[in-house]
2 protein chains.
Amino acid sequence: MNEDGDFLIKRFFSGDRRAIARLITLVENEDANAERLLDSVFHRTGIAYRIGVTGPPGAGKSTLVDQMAKQFRKSGKTVGIVAVDPSSPFTGGALLGDRVRMSDLSIDPGVFIRSMATRGSRGGLARRTQEVADLLDAFGMDVVIFETVGVGQSELDVVEAADTTVVVLVPESGDSIQAMKAGLMEIGDVFVINKSDREGAERTFTEVGYVLELKNNREAWTPPVLQTVASLGQGIDELIDSLNQHREYQKQTDQRQRKQKQRIEKYVRQIIQEKLVAKFWQSTQEQKLSTLVEQILTKMDSPYRLSEKVILEFCENMNNAD
Amino acid sequence: MNEDGDFLIKRFFSGDRRAIARLITLVENEDANAERLLDSVFHRTGIAYRIGVTGPPGAGKSTLVDQMAKQFRKSGKTVGIVAVDPSSPFTGGALLGDRVRMSDLSIDPGVFIRSMATRGSRGGLARRTQEVADLLDAFGMDVVIFETVGVGQSELDVVEAADTTVVVLVPESGDSIQAMKAGLMEIGDVFVINKSDREGAERTFTEVGYVLELKNNREAWTPPVLQTVASLGQGIDELIDSLNQHREYQKQTDQRQRKQKQRIEKYVRQIIQEKLVAKFWQSTQEQKLSTLVEQILTKMDSPYRLSEKVILEFCENMNNAD
């Protein structure tokens, strides 16, 4: 590590907010030093309670996360928020609305909020999000909340890395069906029907409960279904209670360890795969790609046969390099 | 290729619907023979017009795709539909509703519909979806329509592989904002406000047009914004007209070739990467993963440093194998 890196880590461990902000930026930008910096704070991770919040767009997740953070703050806990945020092609960054909404939280020194862009970050998003959470964890945040915008696979990957996953739905016709479609019913540890002052809340509440029953869960934990009106702060106490209960349940069983193990396994797997692939493209192959494409476009060769050949070549090159 | 495979390909080329159904199943299941079978039909691909349809859940995409298919059939074109469909954990397959809706189309021999599950298929979905489209293409379908359920990254990957991408929105408060968030405004070649008989249709129409204008597109193609009521068959003629115009535009410019090239490049890239990673885990490493995880969990080593070591080992093993 260079001197700058050492100094940055020192400032990070002394609780300097600008140091963590800088580290997160380095991770987001996949800076050349990011890996070593992450490695050097890694021994301090694994302490924070990680909560993932997901649900369809428009379910009011942002407001709910704000309320959760405020509630945690009341009990003296520090909170990191990782908002997996879409970047707009027009502003070049996160949508203004999301930035603004957090303003009253973001002046609290016990809260650290970071938005991460989803577009243009295919694949590595879950890994990078976890790394940002690791930074917040190592920085000493008691709670780290992941908030996702949609319910796509990459978002599900993000929340599944959490200790507790909160699925947020709204009382709108078909919302519980859509949730089933998106596979949300399988990943929730706690279900929230937000905007429960709207018409149809009771019906959605019943539906979700019914679907969860159908699931015939063999686990000892039965996901509770809660009703909230996040914009009015209603039902937040009950939500925090449920989160605490789930955490307690995880501690008493081996769930927390199991989750942590899964998270690490997935993480290492991803790092290895990304490094391996990078190694491959670093060799002469990248320039060759357009030649390969040409051969396929002109039907001179077919995709799988050609790929086999290229990989064999790579292996031979690696042998020769020795 | 074994004899069975040869016979299957023969039947496929003779237009046997059971043969394509079987081939698709082999591709979906990642059967050991799938690669060679795909390779052997590859020379017949690249002819079908590929249309991707995406948009938020509940936008009525399924109904719209049905109407599009019917319209294409009226002009004598054969149509393949790849519905990237969520599998429900309760039925073990695609949701019944989606299956039923297609019944009047699925008895038409000029239409071939296939649902593909999204859950549990992380990563490879875009590749497999394209392979199913390749099969439909090689089978002789004039048009292949991809229909996705959500707007996650994997769904965007699917539709971006199409020649023309149709983004479907509904006149609901915030829908155009959500579309921006999900990055949909960037990928649409044609925009459809479906359920345009609902309140707010004009506003959504204006908003979408405004956002597209803001984009300050330097391309010669300006995405049209159309209004439809798919359930009543309204606006479908105009949609097909727009699709034909976009196709014509692509033919006149180098767009179609460029898209095809991008698609092949991405495809080859993916195959190579998947094969490479599989090669790595086939070696002794897979059993070692739990040891690695243990070392990280106990903070004996950190993720990146350890991954580097393991990859070096892999390279050395490959050299020794020679």
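## A tour from the core of chain A to two loops of chain B

Begin by selecting A:Leu135 in this predicted model, and set aside its neighbours within four places in sequence: the residues in contact with A:Leu135 then are A:Ile20, A:Leu23, A:Ile24, A:Val27 and A:Val41. Widen the selection to the largest nonpolar core, which has 69 residues, and A:Leu135 appears again, since among these residues A:Leu135 and A:Ile145 touch the most other members. Helix α7 of chain A, residues 125-139, gives the most to this core, with 8 residues. Colouring chain A by domain is useful here, because domain 1 (1-44) and domain 2 (45-253) both give residues to the core, which therefore lies between them. A second, separate core has 68 residues, and to find it one may select B:Ala126, B:Val149, B:Val159 and B:Leu184, which are included in it. As a general background to both selections, nonpolar side chains in soluble globular proteins tend to be buried together.

Before moving on, show chain A as a whole. Its secondary structure comprises 14 helices and 7 strands, and of its 322 residues 45% are buried. If the contacts in chain A with a separation of 6 or more are drawn, 74% of them are accounted for by residues 24 or more positions apart.

Next, select helix α3 of chain A, residues 34-41, which is mostly covered, with 6 of its 8 residues buried. The buried residues are A:Ala34, A:Glu35, A:Leu37, A:Leu38, A:Ser40 and A:Val41, and the last of these, A:Val41, is one of the contacts of A:Leu135 visited at the start.

Continue to helix α4 of chain A, residues 61-74. How far apart are its end C-alpha atoms? They are 20 Å apart, which agrees with the span of 20 Å that its 14 residues should have at 1.5 Å a residue. Highlight the buried residues of α4(A), which are A:Lys61, A:Leu64, A:Val65, A:Asp66, A:Gln67, A:Met68, A:Ala69 and A:Phe72. Following the helix, A:Gly76 has a positive phi, near 80°.

With α4(A) still displayed, add helix α12 of chain A, residues 236-252: the two helices pack with their axes 10 Å apart and at an angle of about 70°. They are therefore roughly perpendicular to each other. To see where they meet, show A:Gln67, A:Met68 and A:Gln71 from α4(A) together with A:Ile236, A:Leu239 and A:Ile240 from α12(A).

A further stop in chain A is A:Glu186, found in helix α10, residues 184-187. This residue counts as partly exposed because it has 18 C-beta neighbours inside 10 Å. Measuring in the viewer from A:Glu186 to A:Val166, C-alpha to C-alpha, should give 11 Å, for a pair 20 residues apart in sequence.

The tour ends with two backbone conformations in chain B. Most residues other than glycine have a negative phi, yet B:Glu30, which is not a glycine, has a positive phi of about 50°. B:Glu30 sits in the loop between α2 (17-28) and α3 (34-41) of chain B. B:Lys195, also not a glycine, has a positive phi of about 55°, and its place is in the loop between β6 (190-193) and α11 (201-214) of chain B. Which of these residues counts as buried, and which as exposed? B:Glu30 has 12 C-beta neighbours inside 10 Å and so counts as exposed, whereas B:Lys195, with 25 such neighbours, counts as buried.

Notes. Residues numbered from 1 in each chain as written. Chains lettered and ligands numbered in written order. Helix = DSSP H or I, 4+ residues; strand = E, 2+ residues; numbered from the N terminus. Expected span 1.5 Å × (residues − 1). Buried ≥ 20, exposed ≤ 12 C-beta atoms within 10 Å, placed from the backbone. Contact = placed C-beta atoms within 7 Å. Core = buried A, V, L, I, M, F, W, Y, C linked by C-beta atoms within 7 Å. Domains from an automatic or database assignment. Axes fitted to C-alpha atoms, helices over the stretch in contact; angles between N-to-C directions. Parallel < 35°, antiparallel > 145°, perpendicular 65-115°, else oblique.
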